[in-house]
Amino acid sequence: MIHFFSFALIDFAGPAMGRWLNRDFHLRKNSAQPGIWSGFLLGFAFAFGWTPCIGPILATVLALAAASGTVARGVLLLAAYSAGLAVPFLLTALGIGQFLRFYQRFRRYLHGVELFSGALLVFVGALVFVNKLTWLSGKLGFLNRFSL
């Protein structure tokens, strides 16, 4: 009975919720150049979004660094952690031009990719719903030979 009400609620509120979740919000000024406050707000939003992702890992690295035998080992652990955060952003900055050129060519296929991704998401969700996700994992077992 509870499943019926869940589906009824999704059918009733789904389209409105989808429009609400798909909304776009912009803070714009009249000038073309962003100011210092826009950079601060972007950094704040980025940090706020990443905090749940990096918090447990940073806590673990800090605990390992504090418990390490020497200060040099602790510094090495924290440097590796910082490099792991910084290097992907630096590589992104270096490759953004190439990516934008690729994206201009790929944009015509984007709708098809969205449709395929949505169908895959519904398929996996249906497998989870009927408790048959292990079937998919059995079918994809051949990919295990590629693991290190």
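**Close-ups of a five-helix chain**

**View 1. F44 and F48 sit together in helix 2**. Both of these phenylalanines belong to helix 2 (residues 36–67), where four residues, or about one turn of the helix, separate them; helices here are DSSP runs of H or I with at least four residues, strands are runs of E with at least two, and numbering starts at the N terminus. Keep in mind that this is a predicted model: local features need pLDDT of at least 70 and side-chain atom pairs count only at pLDDT 80 or more, while totals for chains, interfaces and linings use all residues. Residues are numbered from 1 along each chain as its sequence is written, and side-chain values use heavy atoms, leaving out hydrogens and water.

**View 2. A stacked pair, F44 with F48**. In total, the structure has eight aromatic pairs (ring centres of Phe, Tyr or Trp, the last by its six-membered ring, within 6.5 Å; planes under 30 degrees apart are stacked, over 60 edge-to-face, the rest tilted). For F44 and F48, the ring centres are 6.5 Å apart and the planes make an angle of 15 degrees, so this pair counts as stacked. F44 and F48 are both exposed (relative accessible area over 50%; buried is under 20%, partly exposed in between, with a 1.4 Å probe and protein chains only). For F48, the relative accessible area comes to 64%.

**View 3. An edge-to-face pair, F46 with F89**. Here the rings are 5.7 Å apart, centre to centre, with 75 degrees between their planes. This pair ties together distant parts of the chain: F46 comes from helix 2 and F89 from helix 3 (residues 71–106), 43 residues apart. F46 is partly exposed, at 40% relative accessibility. F89 is also listed at 40%, and it too counts as partly exposed.

**View 4. A run of linked rings**. Zoom in on F99, F102, Y103, F106 and Y109, and you'll find ring pairs joining them into a cluster.

**View 5. S68, tucked into a loop**. The loop in question runs between helix 2 and helix 3, and S68 is buried there, with 15% relative accessible area. Look at the S68 side chain: one of its polar atoms is 2.8 Å from the backbone oxygen of A65. On the G74 side, the backbone nitrogen lies 3.3 Å from a polar atom of that S68 side chain. Leaving aside residues up to four places away in sequence, S68 touches R73 and G74 (heavy atoms within 4.5 Å).

**View 6. N131, an unusual backbone angle outside glycine**. N131 isn't a glycine, yet it has a positive phi of about 60 degrees. You'll find N131 in the loop between helix 4 (110–129) and helix 5 (133–139). With 68% relative accessibility, N131 falls in the exposed class.

**View 7. Stepping back to the whole chain**. The protein chain has five helices and zero strands, giving the pattern α-α-α-α-α when you read along the sequence. It has 148 residues, and 5% of them count as buried. About 13,400 Å² of the chain is exposed, with carbon and sulfur atoms supplying 73% of that area (Shrake-Rupley method, 1.4 Å probe).

Note on methods
Polar contact = N/O pair within 3.5 Å; in protein donor to acceptor, adjacent residues only side chain to side chain.
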